[in-house]
Amino acid sequence: MFFVNPWMLVAGGAALAPIILHMWRRRPQRIVFPAVQFIREGHQQVQRKLRLRELLLLVLRVFALLALTLGLARPIVGPGGPTPSTSAPRRLVLIVDNSVRMDYVDGRSSRLERAKEIAERFISRLPLGCSIAVVDCQGGPIGFEADRAGAIAKLRRIRAVSGALPVAAAALRGCELLVSDGEGVGEVTVVSDLTTPGWPSETIAALRQVLSTHPGIRLSIVDVGAEESANLQFGDLQVLPEIAAPGDTVYVRTLLAGSISGSFTVELYLRYHGARMEEEAFSPQTVRTRGDTLAQACGEKRGMQTVSLDAGSKAEIQFGFPVQRMGFYQGCVALAHPDPLEWDNRRYFTVMVRPAEPVLLVAPNEVEERTLYIRLMLEPEELTKFGLGRFRCEIVGQSQLATVDFSGFSVVALVDPQPIEEAAAQRLYEYVLQGGGLLILLGAQAEDPRSWQGDVVTKLLPATPLRQARAPDGIVLRPESFQHPILQSLEPYAGNLPWDLAPVFRYWQLSQFGSDVYTVISFSDGQPALVEKNIGQGRVLLFTTPFSDPPREGSWNWFTAGECWPLLAVVQQLFLYLSQKELLQLQLWSSPRLIGRLPKDPVGTPRLITVAGVPAGEFVLLEHKGRVVEIPGTHLVGNYRLEFTSDGARDFYGFSVNIRQADTDLRHCGKEVRAALSSERVEVVPSLDELSVAKEWRASGRELSGYFLIAAALFFLAELVVANRFYGDAEKASPRP
């Protein structure tokens, strides 16, 4: 026999206390009282009886204290002695899945709470001399703990975080920790709900490779999940537009899906923040938390929609709201019903309202007529008559390029231009170099391609015109991908876009593509339609067919017919992209590090303030270089503001952080993981007691502390009963004065 806590045996000395108290007697005083001599004989008989009772109480008290001492010393009987058996692990990496899915509530507790309880019980049963490393999915540095108490303390600090690593990747890191010292021997135990996002196939393949390379490593998985999980979840939120002008209508769209049938209410909450910071604005003392009501956290309720769902089906959710004032609008779409997993019951969003972007439209002649269609696309009459709209257009002739001041414009567009003179090309090049946007719409007036061969012009253009191509039967725009910012808004409709309503009959073929030139949109015959080139801080886009011809016989295209609605979205996003306003990322995905871009150069370090969501509960240290700000974002989900000072005034930049829909996928993949990791050294079990390593530890030694603690409780109970009985009888037998 040996003891896990041998120092507790010192407390066994407390068993001497009842003996000392029992043996200690006050010296009696002799009092001569002849009148009571006749009761002496009866007193001696009662005294003998009381001594027997006190001796029984003494034995019970001594045994109770000894049993308690032995229980706390944790005696273990077995062949292992004070050292662990050869089959018990000497090095253990214990991995706890702390993804947001583990916050799913089964019954009264979450899966994460149960996982931590299992892990703590496992640590408490480990033999002496076992090195323990506690690892979560947060991705920080890992290593072995100094002792068992340190491992349990670290385990208790684990909480669910967004943007966590897949638990399979954490298991891979655990194997690498065992390999790092050259031994490659030990046990990796994972406690997880075995849901699909935590076990990517490529990571499982890498894990299987490590296990096959190092036969001394065993992998055990304790499954705390379930085959079926009832849950409602929002899909990824779409905000159109994210950057708006006063008077625009903003639409937020998502899908509600789940494995529950019924009618469910979805609500829209909205809060407005002015263009400048107010003195009474949010401060760190007014941080919003998950316990706040939606109205406190996200603002005023602005809409409500009730949808009916069948298990496994989806319902489309859409809200629209006007934005009239410049500044930021932040809000959330929220499920008004309780749900076992809270993380996917809200989707947060931010909308920025800015003044109309100044755009300069340039044409060689007939300026009004040639720029008419572009102006109508950028400034619809329904908005311009009220002074609203996202863009503000000015027009000049191409002959004025040598004198016009470009600094007041976000974008310069050359509509069906003639060949550019070197002096004008040099001014345009410097404008783009400093961050301006240039759009060139080549058409019939481009004339001889050799006129575009100047040194500065070649340096400015993404590619040079080669020849005019004709397509008598017409070709159409055919984007190969919708990942470019200009096309992202069309991605949900990718399969139903009526490009055939805008045929192209003539276009320019290009030559001399540089390595830094990117084709954004192609024609259906494979030739480039829109190409891009970055120069310094700015961009140049070249469209090989114009937007200036009226829809009639002999026109280069029918872009201006107005029947192909995607063209309007392309033109709007094209000018917005050239103005570089898309660099202000307003909707971010939760990840270990978030990157934001401020609209202005800050003075000093910006300050992060939570408006609504789940705050980190700790100081967040921001890193910034110029306008780019990096934020440790593992715990950030919700609406946030970055306060900063610029131009002598307090400004702010707002953004929202959401978790992806895939991060809360609760589909169970236990069978797939078991099949993919099929090996003698890999096991997947539903409980701690079924782990092979736990069985081996029990076989190598039996711990008796539980039995001794039960015995101590029984002895204390017996002593209490006997003492009450004896002293109660004594009080009844004693005469009253």
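**Two open sheets and a helix pair**

Leu 94 has Val 134 as its bridge partner in strand β6. The model is predicted, and this briefing begins with the sheet to which that bridge belongs. It then turns to a pair of packed helices and to a second sheet with mixed pairing.

**The parallel sheet**

- The bridge partners Leu 94 and Val 134 belong to the pairing of strand β3, residues 91-96, with β6, which is parallel and extends over five bridges.
- These strands form part of an open sheet of five strands, in which the pairing is parallel and the order is β6-β3-β7-β8-β34.
- The edges of this sheet are β6 (131-135) and β34 (682-685), each of which pairs on one side only.
- From one strand to the next, the twist averages 15°.
- Helix α4 packs on this sheet and touches both β3 and β6. The direction of α4 makes about 10° with that of β6.

**The helix pair α3 and α4**

- Two packed helices are described by two quantities, namely the angle between their axes and the distance between those axes.
- Helix α3 spans residues 111-124 and helix α4 spans residues 148-156. The two pack at an angle of about 180°, and their axes lie 10 Å apart.
- Angles over 145 degrees count as roughly antiparallel, and α3 and α4 are therefore roughly antiparallel to each other.
- On the side of α3, the contact is made by Lys 116, Ala 119, Glu 120, Ile 123 and Ser 124. On the side of α4, it is made by Arg 148, Ala 151, Ile 152, Leu 155 and Arg 156.
- By character, the residues of this contact comprise five nonpolar, one polar and four charged.

**The mixed sheet**

- Another open sheet of five strands follows the order β11-β17-β16-β13-β14, and its pairing is mixed.
- Its edge strands are β11 (243-244) and β14 (300-309), each pairing on one side only.
- Strand β13, which covers residues 262-273, pairs with β14 in the antiparallel sense over nine bridges.
- Within β14, Val 307 is the bridge partner of Phe 264.

**Glu 267 in strand β13**

- Strand β13 also contains Glu 267.
- The relative accessibility of Glu 267 is 10%; because buried means under 20%, Glu 267 counts as buried.
- The side chain of Glu 267 makes a polar contact with the side chain of Lys 301, at 3.1 Å.

Note on methods. Residues are numbered from 1 along each chain as its sequence is written. This is a predicted model: local features need pLDDT of at least 70, side-chain atom pairs count only at pLDDT 80 or more; totals for chains, interfaces and linings use all residues. Side-chain values use heavy atoms; hydrogens and water are left out. Two strands pair if DSSP finds at least two bridges between them. Helices (H or I, at least four residues) and strands (E, at least two) are DSSP runs, numbered from the N terminus. Axes are lines fitted to C-alpha atoms, for helices over the stretch in contact, and angles run from 0 to 180 degrees between N-to-C directions. Angles under 35 degrees count as roughly parallel, over 145 as roughly antiparallel, 65 to 115 as roughly perpendicular and the rest as oblique. Contact means heavy atoms within 4.5 Å. Ala, Val, Leu, Ile, Met, Phe, Trp, Tyr, Cys and Pro count as nonpolar, Asp, Glu, Lys and Arg as charged, and the others, Gly among them, as polar. Buried means under 20% relative accessible area, exposed over 50%, partly exposed in between (1.4 Å probe, protein chains only). A polar contact is a pair of N or O atoms within 3.5 Å; within protein, one must be able to donate a hydrogen and the other to accept it, and residues adjacent in sequence count only if both atoms are side-chain atoms.
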